[in-house]
Each structure stands twice: as structure tokens, then as C-alpha cells.
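Hi everyone, thanks for making time for this. Have a look at the structure on the screen, and I'll walk you through a few places in it.

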Amino acid sequence: MTDAKKKTDPVVMRMQRLLSGPDRPGQAFTMPGTNYDGLYRMARRIRAALTSGGDDKAPVCMGTDDRSVLAAALLATLADGPKLLIPDDLSANTVAELQRRTGFTRIITRPPAPLPTIITVIEPQQLDDEAEALAPDEAPNADRPWVVLLTGGSTGTPRLWSKTPRNLLGEVDYLVNRYEINNSDRILASVTALHIYGLLFSLLVPLVASARVVAKTPSFPEEIKGQMAATSPTIYVSTSVHYRALREHPPEKGALRLAFSSADPLAEADGAAFSKTTGVDLVEVYGSAETGGIATRCRLKDETAFTPYRSIQWRVTGDRIDVQSAFLSRELPVRSSGWFTLADRVKAHGSENFLVTGREDPIAEAERSREKNHRTDMSAASTEKISHNRQITFEPAGLKAAFAEDQTLQELGAAHNIGIRADCGGMGVCGKCRVLVHPKSNFSSPTQAELDVLTPDQMADGSRLACQARATGKGTVTIPDTLTESSETRGKTGIAGSYPADAMTRRLAVEGRSPGLKTNHTPESLLDWLAAQAGEPAASAADVASLRQLGKYRDSLKAFTLVVHEETGLRRILAGKRTASLGFAVDLGTTSVAGYLCNLETGALLTADACVNPQRRFGEDVISRISHINEKDAHLDQLQHLAAEAINFLMTRCLEQVGNTVDDIDEVGVCGNTTMQQVFAGLHPYGLGVFPYLPLTLNPPPFSAGDLGLVTDPAVAVFLMPVVSGFVGGDTMAAILADRPHERDEITLIVDIGTNGEVALGNREGLWVTSCATGPALEGAQISCGMRAVTGAIHRAWPDEESRHIDYEVLGSKGQNRPMGICGSGIIDAIAALRRIGAILPNGRLDETVDGVVSDKAGIGRHYTIADTDQTATGSEIAVTLKDVRQIQLAKGALFTGIEFLMRKAGIEKIDRTILTGAFGASFNWKNALAIGMLPPVVARGAVIPKDNLAGVGVVMALLDKKLRAQARTLCHHIRYLELASEPDFAMAFSRATAFPPIAE
């Protein structure tokens, strides 16, 4: 680490503050016992003893659990001293085992006998010489081994775990800040200071916060209650064993404001008894000596699951939890990616929590039982709360909704069809679900996520994040116009005309006699008879869904119409002559859904409509939705129903526009990315969220409308487009069908940019495809003032040559609207414009010297205002922030690198034609995309052709022409797929591609 980085490293800065001397010299450190001035003098004496003669870097053992001596030894060794060895108890056998493992020759305070005579005893009370200072001349090293713990840990056998200052002080700083521990706190710990949580809470936490700690370590209920009465602690730290012992005789609250339980799982009844008497938050800490703290839970706040520390990264993979943390000991088998997998079995619980479902200890079964009982109690409590009919009024809609206290405002709104943006899937990081609440007192306390995202002024005005806040009493929730989930969609319905028709499904009108017995006495079924009357052998077969519907037919068979599917047989029988045969094609996008009503006989596209995908409330991207589904099986049904509802809504509207009914629909075709298609089909997408991201099938089987919840006759056939991989789905296959690059001599590049970026490249000699992690930033998500391309969005921007400022155009009402935000095409233009006026440097930083760039107190450029507060419809400025630039750098770097690698893998050096499609791809200024390095220069050397929604065109064509559908089934096995992440030099190339190219003259 460079000197400059060390100066700003928070752990190094914490070390320097600790080593510089006490903030409150006269305040007691231990009660009774040593004050901070005396503690630091003892630390300087120990440091002098450790550095005098011999090997001053050889490890030294602690032979006492005296908190003053332990704290002084920690200070003495913090900067550059020897490693401090801490056994988990002071028995002769344990210390001897530690000496055998490490070979230490020095011990602080007298060792238990017998130990080798070579052991030197350091008794702080007998020392006279003091080091001049604890702080070294150079910045201390936060990543060297500082403390070595001998403990069983999660392995159940004695192990040595080294801990660095970053491991320990990083966790301490997190705890001090999160729980607001300060110099007025008094800490009582009934866990020994040799234990990891005794070390943290009764030594390092008080050192960092200048707090006081009770000198004694009480063990029995009477002792604990006696110490509480004598010392009036504000914080109590203990283990599950002591809370169980206190259950029958819990202490009185006194000054206590907070309690912690560490080590073994805390029985819910034990914690409830303690909290009921004292009325304080009892926080369970999940973690171990080797991992450090990972998560906490406070059942007094109705937390059934654990909430991970904000300072670590985590994910649930299968039934295990992976963590990336600065608190992990170096002896753990951390993978090269930085992830470490714990042994306990867990289950995701929402997007921010997890449940521990199985432990590697004898308490496992009891813990699972308690967890189940608690969830049952919570469910019953929720039902009771709803019955109280406490109401929230959503404005400006004026809708009143009864709430349960375990519902977030976003969940409550979704349950009543109130659209609130959820770009990050409820993680509390995007800030796009900000609402205004009144009165503030009738809503839950702000979460840490809200404190991180919202400014103090916003909090004072009643702003909350709908994905975090919960109602606790009657109130009003106002959704600002900019944050309402608009139903408007653009770029999906601009296709029309007729296409070749050779449909898979057709209607056969029959007029004849009623069936009777065959004169030759051979067996015959109703299907056989119907096929014979229609002269259509395919009608003699039918699937189960069709048979169920045929069994319900009650009309005369003298005049009827058969609906026959060439592959699956007879689908329906209709009374009378019914010749109108319609099909409904669907582009099921992550952000929006488009429907196209077609005449299966003539190939005419009759009408089209689009809507927002209602699944967006669970996140802007497919990974968020997969995570939501992984939480519980019922969530798959939830998202499947939402997709079906959107399709039903569009189908009904389209039929109304042309005067037809659902009885006229004979087939439905759907394309979407692989996740969208699997979820709509009711197939769990778990495999699409974990490596190697395999779809269940490349060629989905035929489905029936009744199985998928569509409003048509249940026997109507539904087909899904073939897919290529987990991230190149049926929408890309549909785009390929629409443009036909596999039948051309020219090299074609198809770039479909939406919530994700898919790229296809090649000609009749072969096709390559890949998926680029552009993310939803290009559709307005993850951008500070971002929104979709709807009325009020800035969709074009350019530099004013005279003023050197940015001009713009707003969607809607011929551009006369005041802007509400900026959409994807607008942010691309704005970034290009800011590059041209020099406001954005090649590395993505904002140039603080350019007029219009606003800097922070440190002089770092933070944002550039596009529209002032008096120019916008919301009264809030619209700006491009440094974070926005970084998001676009990631998105454009991913697309650029994807195209570059696809060309390299295919051996292609030139591109004859580039097709830009997708709701975003067909509408943005590709020259600006070229200017910022989103598209490689080779694109500009050929023809660049924007085309509206090729995926929609392709699914219409496949619905109308069975030959194209068969072609797609073959193509999906011959197209070659490139997984970019598996390319060894991808990371380096991607890093280079995030930089902006020079400005062209």
C-alpha cells in the first residue's frame, strides 16, 4: 500500500489515533482499576520490555485475563510489535499446547506451571522503563498479523487463527458506529476477555470509543445481577448460556440500553425473557473467531432473520452462505475470488437477510424448531394486525390500504396495484423508491440503507425509501411524479404490415351428420370420427389439455369448427362455422411487454400494444428477480402470474381495438430472455443465476394457455422461442429470424440493447452470439436522475457551441414538457456532450476547472447540472453525477469489449452492416455512442441501421410461419456462444474499455 493510500486508509488512521494517546486520560478504563492515562503508561512499559534485547518480533503469550493488562498489551503490540498469542483459557494444558504449537519464549504475567524454564515472564506491575511513544515513525501496517487466537472455532478442534488490525479494528469501528457506542457507555461482559467477543467488546470497543468496562467477569446469575446493580452498565455482552441462566431471574433494566449475545445460537425464549424485563434490544451476533462478525438479529424488533453487516459482501448459493469480508482470518480457505463459504446451512430471506436453517452443532434441531414456531407466530401476528384496519392513504391516487407492520410500503403498494419504482429490487441502494410520509412518527425508524441514501434534509422533509420503511400507524404516503411507475412504453409497437403466413394452427369448418356406430364393428373414438369428417389425420391426436376441453363440448356435431395444430393435433372444437383465426405474439421484456395481434391466415399484423412489465417491482434486472424467486417457492408463482397478467391485459386491449374476442385466438407465441421465458413457463430459474448459467432446455416444449393462466381457451397452444444460452434467449433468436444474417453474404452485427446487451455476429458461414453485462443503466436505472423513455424524460442532449453548456430535448407534447429526469438515450448524449466541452476527462473524472462542474469539499468534481431547479417539472435539478459517469463507463465498456471479443473469436475483421435494435438500441444516437467508446470504430466503416424491436418482428414471423419456427429450433444448436467471463484477458480488456477515447475533431 502506498503512503498516500495509508494516509486515507480508515484502519490505519484508527491505529494512529489509538497509538497517539488517550482522548480522555482521566477517565476510568476499567471499573474499578486503571484509568486511560495509567493504561497507556502500562502499554509503554510493556512495549519497552518487548523491544529490549532478544528477538523483539518473536510472539509473546498472554497469561492473564486482566482487562487492563490485556488492553495495554494490545496497544503495545499494535504498531509493529510481536504477535500477541491469546489462548481461549489459562489452564496449564491449554497454555502448554499453545507453547508447543508456537514455541513462544515470553509470557505476560506469571505462567501456569509447569512450563519450560526458558519462558521469560513479563509482569507489567514490576516494569519501570517506558517507551517514548507507542506510535512508530512510519504509518503502521494494518494487514500484518497482530493477534493469534487459540480456539476450537467452527471446526471443533483446536486451531490457531491470526487476526490483523484490519480484521479486528475494522469490525470494532463498524460496531461502534452502528450502535453509537461512546465515552458515556459502561460495558459489562460476562464473557471472558480471552474470547473473541470479549476481546472485541470489553477491550477494543472501549479503547476506540473511550468507554469504560467493568473489571470483573461475572459467571453466575447472582454475580451478574450484582455487578449490574453495582456498576449500572449501559451495554451488556454475554453468551447464550448466561442468557439461559438469567431467564428465571433476569436483571432489572437500570441504565442498560443495549445487549449482545455471541457464540452459540440464542434460544428465542431466553432472549425474550431478558428483553421483556429490561426492555432493551438484545442483538445476536452471527460469526466466529475466524470469520469475525457476519450478521446480527434482534428479535425484539421482530427480526426473524439475520441481517449481514453493511461492511461485508454476501450471497446465498444453494443452502450455504458465501462472504467477502475484511474480518476473515488468513488461515481460512478463501477462494481466489475473495469468497469464503461457511459450513452452516442457510436460506435467503428477502434481499437483505438470511435464515440459518442448519448448524454444525447439537442445537441445530432445536434452533430449526424455534425458527419455525417464530415464523408461525409472526404470520398469525401479521393477520391480526391487518384485521385492525389501520390504513395508509397513497397519494395522489387517494387509495386507502390496510397494512401489516411486517410489510414495506413498496410491498403494500404492490398488493394494491400502486406502482412504485424498484430499480434495485428492494435492496435499498438505488433511491428510486423515495416517497414522502406523514406523520413521520407513524412509520418505522430509518434503516441503515436509508441513512446511506437519503440526505438529512430529505429525512427532515419526511422522505423515506418505500422498500425499507414500514407503517406503524395511520398515515399518508405521497409518491412523487418522478418516482411513480409510469405505464407508458415506447419503442415496442412501431412495427406494422404483413408477413408470410404458413401457420402451425389452422381452422377447419365441418358440416355433416352426427356420429354413429361403425357398420364394420371396428373401434372408433370421437377424435377418429372428427378427423374423418374434417379429412385431417392430425385431428386424430390431442394432448391432455385439449381432451379436457373436448370433453366439455355440449353442442351439436352437425356443424362445427376444429382448431388443429400440426404438431400436437386437435386443440379445440367450436360450435358452428368460426373462421376468424388469430394469433398473439408477445415480446416479454425485462422492462416492458409488447403484444402483437396477427391474422394467422393472411399474415397481417392487426394491432399492437405495450405495457410495463409488472415484475419490475422486484428489480430492474433478471438477477434481482431470480434472487426473489430463490427466497421461497411461492415467489415463482407470483412472478409467473404477473407475466401472465401483463399478456392478458395486452391481449384483451388488442382484441377490443379490432372487435374480436378471446375465442378467436388460436395460438400464442412468446419470446424473451431466457429467464423471462422460464419464469413465464413456471420453470424455476435457479440454474440461470449460478455458474454455468444453464437453461433447462434450448427448445422449450409446447404449452397450453390453461397451464400458464392466459385468458384464452385453456387448450390454446403456446410456444416459446428457442434459446441459445442462459443469457442469450428467445428474444435474440427472434431478432436473428427477423434480420436473417445467416442467409446473407455480408457480415452483420446485431446489437440488441435493453436492460441487458445481446450481440450476434456473422453471415451464412456461421453466427456467434454473446451477452454483455450492460446492466439497466442504459434504460435509466442506476442513474441518479434516471427514468425510462416516457413523457418528461430528456432523450436528446448536445453541447451549445457558444455557451459551452448542455441543451436538451424532452419527450412528449412536441418537446414542450419540462423535464422530470433523463433516459438512456439522453444520458449517452449528455456524456458525449460533456466530453466535448471537456467536463469529463478520459478516465471518467469530472474536471473541476470546467464551468458548471460542482465539486465537494475535497475539491473533487461531483456533478454537472443539466437543468436547474426552476427548469424542471419536479423542482429538483437534473444532473449528471460522477457515479452516473461510472455506471455508463461500465455499461459501454461491457458492450465494446463484447463486440471486440466476438469479432476476435469469429475471426472477423470488418463489419458490413450493424443493426441497432431493442427499445433503447434503435432510438439512441449511435454516433455519440461511438464517440464515448460504446461501439468500436469498425462499426462506422459499414452501414449502421436502426430497426425498431427486431425481437417483436421475429416472434410475429415465427408465430405466422411454421417453417421459421423449425428453422429457429435448428439454429439454436448451431449458433456458437461466447461466455465473455471465461476469456482469460477479458478483465484487462474490459478495464481498458471503460476509459473514454479521444474526442474526434
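Let's begin with a pair of strands: E39 and E40, the latter covering residues 861-867, run antiparallel and are joined by three bridges. To find one of those partners on your screen, go to Val 853, which is matched with Tyr 864 in E40. Before we go on, please keep in mind that this is a predicted model.

Now let's add the rest of that sheet. It is an open sheet of three strands, ordered E39-E40-E41, with antiparallel pairing. Which strands stand at the edges? They are E39 (853-855) and E41 (878-881); each has a single partner strand, so one side of each has no neighbour in the sheet. On average, neighbouring strands here are turned by 35 degrees against each other, if we ignore direction. If you are new to sheets, a reminder: strands pair through backbone hydrogen bonds, and they can do so in parallel or antiparallel fashion.

Two helices go with this sheet. Helix H22, residues 824-836, lies across E40 and E41 and runs at about 65 degrees to E41. Helix H23, residues 882-906, packs on the sheet as well, touching E40 and E41, and its direction makes about 60 degrees with that of E41.

Let's zoom out for a moment. The chain has 1001 residues, and 56% of them are buried. Its secondary structure comes to 27 helices and 44 strands. If we take the contacts with a separation of 6 or more, 66% of them are between residues 24 or more positions apart. As for the surface, the chain exposes about 41000 Å², and carbon and sulfur atoms supply 50% of that.

For a close-up of a single residue, please find Phe 354, in strand E18, residues 353-358. Is Phe 354 buried or exposed? Its relative accessibility is 0%, so Phe 354 counts as buried. What is Phe 354 in contact with, leaving aside neighbours within four places in sequence? The list includes Tyr 286, Phe 306, Pro 308, Trp 314, Ile 321 and His 349. Val 316 is also one of these contacts. Along the chain, Val 316 and Phe 354 are 38 residues apart, yet their C-alpha atoms are separated by 8.0 Å.

Another covered spot is helix H4, residues 67-78. H4 has twelve residues and reaches 16 Å from its first C-alpha to its last, close to the 16 Å expected at 1.5 Å a residue. How many of the residues of H4 are buried? Twelve of its twelve. Among them are Arg 67, Ser 68 and Thr 77, along with Val 69, Leu 70 and Ala 71.

My last topic is charge. Side chains of opposite charge can pair when their charged atoms come close. A search of the whole structure finds 42 salt bridges, and I have picked out three.

In the first example, Glu 97 pairs with Arg 101, with the closest N and O atoms 2.7 Å apart. Both lie in helix H5, residues 92-102, four residues apart, about one turn of the helix. That fits a general rule: an α-helix has 3.6 residues a turn, so residues three or four places apart point the same way. Glu 97 is partly exposed at 22% relative accessibility, and Arg 101 is partly exposed at 35%.

Next, Arg 247 forms a salt bridge with Asp 270, and here the closest N and O atoms are 3.4 Å apart. Arg 247 sits in the loop between helix H9 (240-245) and strand E11 (258-262), while Asp 270 is in helix H10 (residues 268-278), so the pair ties together parts that are 23 residues apart in sequence. Arg 247 is partly exposed at 40%, whereas Asp 270 is buried at 2%.

Finally, Asp 543 and Arg 571 form a salt bridge with their closest N and O atoms 2.8 Å apart. This pair links distant parts of the chain: Asp 543 lies in the loop between helix H15 (526-534) and helix H16 (544-550), and Arg 571 in strand E26 (residues 569-575), 28 residues apart. Asp 543 is partly exposed at 24%, while Arg 571 is buried at 2%.

Salt bridges can also share partners: Asp 502, Arg 506, Glu 536, Glu 566, Asp 961, Lys 962 and Lys 963 are joined that way into one network. Thanks for listening!

Key: Residues are numbered from 1 along each chain as its sequence is written. This is a predicted model: local features need pLDDT of at least 70, side-chain atom pairs count only at pLDDT 80 or more; totals for chains, interfaces and linings use all residues. Side-chain values use heavy atoms; hydrogens and water are left out. Buried means under 20% relative accessible area, exposed over 50%, partly exposed in between (1.4 Å probe, protein chains only). Contact means heavy atoms within 4.5 Å. Two strands pair if DSSP finds at least two bridges between them. Axes are lines fitted to C-alpha atoms, for helices over the stretch in contact, and angles run from 0 to 180 degrees between N-to-C directions. Accessible areas come from the Shrake-Rupley method with a 1.4 Å probe; for residues, only the protein chains shown count as cover. A salt bridge is a side-chain nitrogen of Lys or Arg within 4 Å of a carboxyl oxygen of Asp or Glu. The expected span of a helix is 1.5 Å times one less than its number of residues.
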